[in-house]
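Reader: I am new to this structure and would like to understand how its descriptive terms are earned. Could you take me through the reasoning step by step?

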Amino acid sequence: MNIIFFGPPAAGKGTQARIIEEKYGLKQLSTGDMLRAEISVGSELGLAAKKIMDRGELVSDEIVIGMIAKRIDSPACAKGAIFDGFPRTVPQADALEKMLAERGKKIDIVMELEVDQDMLVARIEKRAAEEGRSDDNIDALKVRLEQYNDYSAKVLPYYAAKGEVHKIDGKKAINEVTAQIEAILQPEAEARAAG
Ligand code: AMP
């Protein structure tokens, strides 16, 4: 079962993905986390990406597609993946579709976590204090929100044309958001278990 989580920065995609990955044996693939891991080891890719990420802009399709391609065949992804923060452009969505089709797979469920803008600002400020992410500041957030509005306007219709995009109320408490997500995942998981 392959799932995409859409949603603006600090919508709760990572939090929910980590809960769902454990419960359903799926693997969270977050391109943002992968990039931050590259930065923390000081790789060339990380150094180049950091400058772009700190401005809140998108790194190249080539880089993020390459990072996903490197992981898609890992045993941890055998039962499926939760794509978190990927795809963010139509070329990324095309590349993902091709990668999955070559393996006889597809995206099964697309969800969009919806959160109000003022709530996002509050969450980003809290996360900045807790995690110290260098792109969690108001200037970068503004750009990241603009990027999100821009790319979701292109990528969401891409998936809407293929099937339903499930809207999740991301303003609720963490466990209530998880419950909404599970209400969509559970029937799909049961259908799979029944073969
Ligand atoms: P995130 O953790 O998903 O909020 O991503 C943090 C930053 O990493 C973004 O603001 C981008 O600079 C970069 N990034 C993460 N995923 C992608 C992607 N799929 N395409 C381009 N840039 C990305």
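**Salt bridges and a helix pair**

Author: A good place to begin is a pair of side chains: Asp33 and Arg18 meet in a salt bridge, with 4.0 Å from N to O. Please keep in mind that this is a predicted model.

Reader: What makes the contact between Asp33 and Arg18 a salt bridge?

Author: The term asks for a side-chain nitrogen of Lys or Arg within 4 Å of a carboxyl oxygen of Asp or Glu, and the N to O value for Asp33 and Arg18 is given as 4.0 Å, so the pair is counted as a salt bridge. Asp33 belongs to helix α2 (residues 31-41) and Arg18 to helix α1, so the pair ties together parts that are 15 residues apart in sequence.

Reader: Why is Asp33 called partly exposed?

Author: Buried means under 20% relative accessible area and exposed means over 50%, with partly exposed in between; Asp33 has a relative accessible area of 33%, and Arg18, at 43% relative accessibility, also counts as partly exposed.

Reader: What separates Lys154 and Asp150 in helix α7?

Author: Lys154 and Asp150 are four residues apart in helix α7 (residues 138-160), which means that about one helical turn separates them. Their closest N and O atoms are 3.1 Å apart, and the two form a salt bridge. Lys154 has 47% relative accessibility and is partly exposed, and Asp150, at 41%, is partly exposed as well.

Reader: Are Lys98 and Glu102 buried or exposed?

Author: Both Lys98 and Glu102 are exposed, and they form a salt bridge in which the closest N and O atoms are 3.5 Å apart.

Reader: How many salt bridges does a search of the whole structure find, and which residues are linked in a network?

Author: The search of the whole structure finds 22 salt bridges, while the network of salt bridges links Arg127, Arg133, Asp135, Asp136 and Arg144.

Reader: Why are α1 and α8 called oblique to each other?

Author: Helix α1 (residues 13-24) and helix α8 (residues 174-193) pack at an angle of about 40°, their axes being 10 Å apart. Angles under 35 degrees count as roughly parallel, and those from 65 to 115 as roughly perpendicular, so α1 and α8 are oblique to each other. The crossing in which α1 passes α8 is right-handed.

Reader: Which residues of α1 and α8 meet?

Author: Thr15, Gln16, Ile19, Ile20, Lys23 and Tyr24 in α1 meet residues in α8 that include Ile174, Val177, Ile181 and Leu185. The residues of this contact divide into eight nonpolar, four polar and two charged.

Technical notes
Residues are numbered from 1 along each chain as its sequence is written. This is a predicted model: local features need pLDDT of at least 70, side-chain atom pairs count only at pLDDT 80 or more; totals for chains, interfaces and linings use all residues. Side-chain values use heavy atoms; hydrogens and water are left out. Axes are lines fitted to C-alpha atoms, for helices over the stretch in contact, and angles run from 0 to 180 degrees between N-to-C directions. Helices (H or I, at least four residues) and strands (E, at least two) are DSSP runs, numbered from the N terminus. Angles under 35 degrees count as roughly parallel, over 145 as roughly antiparallel, 65 to 115 as roughly perpendicular and the rest as oblique. A crossing is left-handed if the near helix is turned anticlockwise from the far one by less than a right angle, and right-handed if clockwise. Contact means heavy atoms within 4.5 Å. Ala, Val, Leu, Ile, Met, Phe, Trp, Tyr, Cys and Pro count as nonpolar, Asp, Glu, Lys and Arg as charged, and the others, Gly among them, as polar. Buried means under 20% relative accessible area, exposed over 50%, partly exposed in between (1.4 Å probe, protein chains only).
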